[in-house]
Amino acid sequence: SVTSIDCGTFFRCEGLKSITIPNSVTSIGIDAFEECTGLTSITVPSSVTEIGDNAFEECSNLQAINLPDSITRIGECAFWGCSNLQAITISNSIKKIEAFTFAGCSSLKNIDIPDGVEEIKPYAFLKCSGLIYINLPVSVTTIESGVFRECFSLDSLTIPNNVTHLSSSAFDKCSEHLVFNSNNLKRFNI
């Protein structure tokens, strides 16, 4: 039985519309579904523990995905350019949101980052221009550079008090009306 979807397995399979990954699969490799522009839905089973870098990059018609709690790592650029992605449920087992993971997901409106996530790497939500609401849990301690760059629709954000590193460029080119709710912003020069 299949235990992994290897690097580039379905790369540019533009006619692929939907896929149900079998329960035997534990990892989705680098570039596995990259540029599958016809892909609208995918079912990820609870057997999967890792999604590789660029795994779903430029799957521009993917609309929603539920990532089960078994997933402990989502690779860099995993959902880069999924411009029609409107909803995503992130695994409660994730500790770090990697660089560029959701960059260019311009239709994403709301996102709840689960408790347990401690670090948000550079440009994780770059150009999520439709993002209105994001919930940052108290577990977050680090928000790197450009994380919310060009998130034009984001108008309010609560920065958890446990944040010890907040890059001064984390909010570059966001709305000038963005309101921060936090007790500790003075130390970050925002």
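Visitor: How do β5 and β7 pair?
Guide: In this predicted model, β5 and β7 run parallel to one another and are joined by two bridges.

Visitor: Which residue in β7 is the bridge partner of Ile-51?
Guide: Ile-51 is bridged to Ile-74 of β7.

Visitor: And what is the strand order in the sheet?
Guide: The order is β1-β3-β5-β7, an open sheet of four strands with parallel pairing.

Visitor: Which strands stand at the edges?
Guide: Those are β1 (4–5) and β7 (73–74). Each has a single partner strand, so one side of each has no neighbour in the sheet.

Visitor: Switching topic. How many disulfides does the structure hold?
Guide: Zero. Cys-13, for instance, is in no disulfide, and the nearest cysteine sulfur, in Cys-36, is 5.2 Å away.

Visitor: Is Cys-13 buried or exposed?
Guide: Neither label fits, because Cys-13 has 30% relative accessibility and so counts as partly exposed.

Visitor: Why is there no bond between Cys-151 and Cys-128?
Guide: Because their sulfurs are 5.1 Å apart, which is too far for a bond. The cut-off for a disulfide is 2.5 Å. Cys-128 holds the closest cysteine sulfur to that of Cys-151.

Visitor: Is Cys-151 buried or exposed?
Guide: Buried, with a relative accessible area of 0%.

Visitor: Back to the strands: where does Asn-54 lie?
Guide: Asn-54 is in the loop that runs between β5 (50–51) and β6 (64–66). Asn-54 counts as buried because its relative accessibility is 18%, and the cut-off for buried is under 20%.

Visitor: What does Asn-54 touch?
Guide: Leaving out residues up to four places away in sequence, Asn-54 touches Asp-31, Glu-34, Glu-76, Cys-77 and Ala-78.

Notes:
Residues are numbered from 1 along each chain as its sequence is written. This is a predicted model: local features need pLDDT of at least 70, side-chain atom pairs count only at pLDDT 80 or more; totals for chains, interfaces and linings use all residues. Side-chain values use heavy atoms; hydrogens and water are left out. Buried means under 20% relative accessible area, exposed over 50%, partly exposed in between (1.4 Å probe, protein chains only). Contact means heavy atoms within 4.5 Å. Two strands pair if DSSP finds at least two bridges between them.
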